[in-house]
Every structure is written in C-alpha cells, then in structure tokens.
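Trainee: I have a new model open on my screen and would like to learn how to read it. Could we go through it together, feature by feature?

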Amino acid sequence: MRCARYLLQLVRSGRTTAQRSPLLLSPSPAQLIAHHSLQQQVLRHFHCSPVSAKSRPVPARFVTEDETKTTKSLATQDNLFEQVAKESKTKATFNQVIDVFTKRDIRRRGHVEFIYAALKKMAEFGVERDLSVYNKLLDVFPKEVFVPRNFIQRMFNHYPRQQECGVQVLEQMESYGIMPNIETKVLLVQIFGEKSHPMRKYQRIMYWFPKFKHINPFPVPQPLPEDPVDLARLSLTRIANDLDAKITVYQLPCTDITESGEEISLPHIVGIQSPSQVQLLAKHNPNKPVFVEGPFPLWLKKTCVYYYILRADPTPLEEKVEETYDPERCFDYPLQLDLDLDRDLGDEESFDVDDLDEGPVFAMCMTSQGDQATLNQWISGLQQNNPILGKVPTLFRLDAGTRELQGAADAEPAHSHRPHPGSQREDPQPADHPEAVVEEESRRSHWMKQ
C-alpha cells in the first residue's frame, strides 16, 4: 500500500512541474524573433535545390534596354562576319564564319539572327549564286526540333519565326534563279518536316523552275564574258538580231607609248553591219548628212554596256519610191495578200495606224571610250566596205554624262588618227539666230508627221 501511495505522489508532482516550467522559462520577444527567423532559414534551405545550395550566391545584375536591343539585333552577327573575314571576303571565309557559329554553341542559340545576317552578307562575299552555301546555311538550323508532332501543331503554324526564316532562304534562292537539289529537300524535311511552309515553298519552286528555265529564246550566258571585246560581240549580236550581220573588230584594247614616254591606253572598237544595211547606205543621198548618236544603254543582267549607231533622217514622202515585190518571191510567207473577205455592216473599212518612221540605221558599234576621235576611227573603218561615207558629211550627236565618255579635247591629242575630212561636229545653233532654230524645228516636225 505504501508503495502505491508513493508512486501516486510522484506522478502528481511531475505534472505540476511540467505545467509550471513554461511559465517560469517563458522566452523574451527577441528570442521569439530569433527563433522564428531560424525556422525560416531552415525551411528555406529545405526547399532550395541541391545545386544552388552548393554554389555561392551571385549578386543580381540589372540589364538595361540598350543591352537587350544590341543582343537581339543583327549587329552581333554582322560583327562576327567582319571579325572572321578581315582580310578577304571569299567563299572559304564565308564557310569559315558558318563553322565558327555552329561550333560555338551546340544548341545553336541565335541561329535565326545569324541566318538573316548571312543572307545580307552573301552578296559581299560573292556567294549569292552558290547552292552549296545555301545548303550549308540551312544546316545551321537544329534538326528535328521544329517538326510538328500532331495535326494541331501543323494547324497553328508550329515555330512560325523559324519557318519564316527558312522561307526567306528559299525566296532569296528563287530571286537569284537557283534551283534546289535533293540535299536541300532532305535538310528541310529534317528541320521542319514534310508538312511545313518551307517544304511547300520548295515544292512550288521545283514545279515552276523547270517550266521557266528555257522559256527565254535569247538567253544571256552565265557568267558573262569578262573580256570587253567578247562582251561587245555578244551585245551587238543580241541588238542586231540578224544572222547575216558581220562583226568587225576595228581596234583591240592596248597600251601605246608616245615619243615623250607617256603611256596611252587605246580603247576597243567593235562594230556590226548587215548586208542589207550596206545596200541601204549605198543608196543614201550624198547631199544629206548621216549622224552618229549615242550612247544608248543595254543591260545584260547586272552589267550595263553602251552602244552607238550610225543613222540618217527619215526620207520625205515625195522622195520615197515604192518597190514592187514579186509575188513568187516567197511561197512560205508572201509579202502581199489580196483576200476578198465578206464584211458585215458593222465592220469599219477605214482605221488609223500610227506609223512613225525614225529613219534608217546603217551600223552600230561599241567602244569603251565614246569621244569623237574614237568614233572617227570607227567611221574610217566603215569606209572600206562603204565608200560613200567619204562623200557624205558625218555629224556627231553625243550625249555626255556616262561613265565611259570622255571629252573630245582629252582624246584628240592622245590618238594619232586624224578625223575624217567629211565628218564634222553638230553644234547647237547660237542664240543670235532664233529664226534658223524655228525653221529647223518646223522641218523636223514636218518629217515626223509624214
């Protein structure tokens, strides 16, 4: 009994001490705040990742708007092209820039900006017509990342910014007339998939390009000849459009040394004339002058050349002689057709046709120096097959302002050739004789109306 009583007292005394101990040992407010902050620190370390717990804290860095604009713009990519290709801009250096970008980051960050910058720089490096460079530029895109996985992604234009960049590459190929190959198709399928906008653009190019490839009956060779004489031959052949026309090289470009030791560069002179033009010039009235006019521009793709013509004023109506044609001269294409066709009451038998006679053209030439002394050499060379030019006065109507023209005063002492005795320069009428100017204009307008 005594043992049980002692045990009951001990239990009662333990409860009272447990209830009184929090009151006796109550913490202060500062201790409560410290305890609360300690709990927050413990919880914060509990929720953070193990990588960030091991690494040291890095202070935050605020990025300004100017820095974001420069990083997102094409300026950084342009600087990459300028840094790598400092000495020369060739195909090898352009491929080197692409290799530097692809090896710099395995994830190809900023590949869209890089491709846009590369498309702008292709003309400077001379690779705008190289198909292998375009395929290497498409290879910059990450593979199998932008391929749509289901019909919903295809419906909502999966990765539109990247697809637009791929279409831009194909459009530049189309503008330069470059036809894609099977490697281009494989790259587009790996990058964007078969159901994408770049792949649709590829299919349209492959459909239309073969149809329009040989549609031009007078194709311009690619590349154009670099020799100025060969380029002049090609240009004059395209202008004349006559298989019987004969091209004559009157002078080749060369360098001559004068007695004083000065070097003089002589220009090339290439002319063309057909047998029909020779006959037409032989029938020309020696009392009426012929004119050397030019320069007239001719564009061969991106190259501009200039040519000069030898022509005369149109023949007046009272001096024209109608030639009778033999009806059996040509059976395939008769020159005259007399057909008795039944006409309706509403048909008009009379109609107006504006027929403008600009005058005959006797010959054409091309030269790199279009002054009077150089063109006099051309006229002197034409006299071998056209002796009538020795009797006909020649007037020059040259337009200044082109890059190839030089002053007659600069060229006359440079060439030892003397001008043709019958040739003379057509100078404008002085202002002291207005009646002569009016009479000349009225006569020309009368011829043009006729």
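**Reading backbone, cores and charges**

Mentor: Happy to! Let me begin with one residue: N241 is exposed, at 56% relative accessibility. N241 sits in the loop between α13 and β1 (246–251), and although N241 is not a glycine, its phi is positive, about 55°. Keep in mind throughout that this is a predicted model.

Trainee: Which other residue that is not a glycine has a positive phi, of about 50°?

Mentor: That is Y159. Y159 belongs to the loop between α9 (151–155) and α10 (160–175). With 34% relative accessibility, Y159 counts as partly exposed.

Trainee: How far should I trust the coordinates, and what is the mean pLDDT of the protein chain?

Mentor: The general idea is that predicted coordinates should not be read in detail where pLDDT is low. Here the mean pLDDT of the protein chain is 76, and 64% of its residues reach 70 or more. Over residues 16–26 pLDDT stays under 50, and the model has 0 contacts beyond four places in sequence for them. Residues 443–450 also stay under 50, with 8 contacts beyond four places in sequence.

Trainee: How many helices and strands does the protein chain have?

Mentor: There are 17 helices and 9 strands. Of the 450 residues in the protein chain, 30% are buried. If you take contacts between residues at least 6 apart in sequence, 71% join residues at least 24 apart.

Trainee: Let's try a strand. Is β6 (residues 303–311) largely enclosed or open?

Mentor: A general point helps with strands: in a regular one, the side chains alternate between the two faces of the sheet. In this structure, strand β6 is largely enclosed by the rest of the structure, because 8 of its 9 residues are buried. On one side of the pairing list, β5 (residues 290–300) and β6 are antiparallel over 8 bridges. β6 also pairs with β7 (residues 361–367) in the antiparallel sense, over 4 bridges. You can follow L310 across: its bridge partner in β5 is V292, and its bridge partner in β7 is A363.

Trainee: What lies between β5 and β6?

Mentor: The two strands form a hairpin with 2 residues between them, and K301 in the turn has a positive phi of about 60°. While you are at β5, look at P295, which is found in that strand. The peptide bond joining G294 and P295 is cis, with omega about 0°. Another cis peptide bond runs from Q222 to P223, with omega near 5°; P223 is in the loop between α12 (197–212) and α13 (228–240).

Trainee: Now the interior. Which residues have the most contacts inside the largest nonpolar core?

Mentor: In soluble globular proteins, nonpolar side chains tend to be buried together. The largest nonpolar core here has 36 residues, and F81, F94, F114, I115, M122, L137 and F141 have the most contacts inside it. Helix α7 (111–125) gives the most to this core, with 8 residues. Leaving aside neighbours within four places in sequence, F141 touches R108, H111, I115, F146, Q162, C165, G166, I191 and F192. Another core, apart from the largest, has 19 residues, among them L281, V290, L310 and L389.

Trainee: And how do I read charged pairs? What is the salt-bridge partner of K91?

Mentor: Side chains of opposite charge can pair when their charged atoms come close. K91 pairs with D130, the closest N and O atoms being 2.8 Å apart. K91 is in helix α6 and D130 in the loop between α7 and α8, 39 residues apart. K136 and D99 form a salt bridge as well, with closest N and O atoms 3.1 Å apart. K136 lies in helix α8 and D99 in helix α6, so this pair ties together parts that are 37 residues apart in sequence.

Trainee: Are E293 and R311 buried or exposed?

Mentor: E293 is buried, at 13% relative accessibility, and R311 is buried too, at 10%. The two form a salt bridge with the closest N and O atoms 2.9 Å apart, linking strand β5, where E293 lies, to strand β6, where R311 lies.

Definitions and conventions. Residues are numbered from 1 along each chain as its sequence is written. This is a predicted model: local features need pLDDT of at least 70, side-chain atom pairs count only at pLDDT 80 or more; totals for chains, interfaces and linings use all residues. Side-chain values use heavy atoms; hydrogens and water are left out. Buried means under 20% relative accessible area, exposed over 50%, partly exposed in between (1.4 Å probe, protein chains only). Two strands pair if DSSP finds at least two bridges between them. Contact means heavy atoms within 4.5 Å. pLDDT is the predictor's confidence in each residue, from 0 to 100. A nonpolar core is a set of buried Ala, Val, Leu, Ile, Met, Phe, Trp, Tyr and Cys residues joined through side-chain atoms within 4.5 Å. A salt bridge is a side-chain nitrogen of Lys or Arg within 4 Å of a carboxyl oxygen of Asp or Glu.
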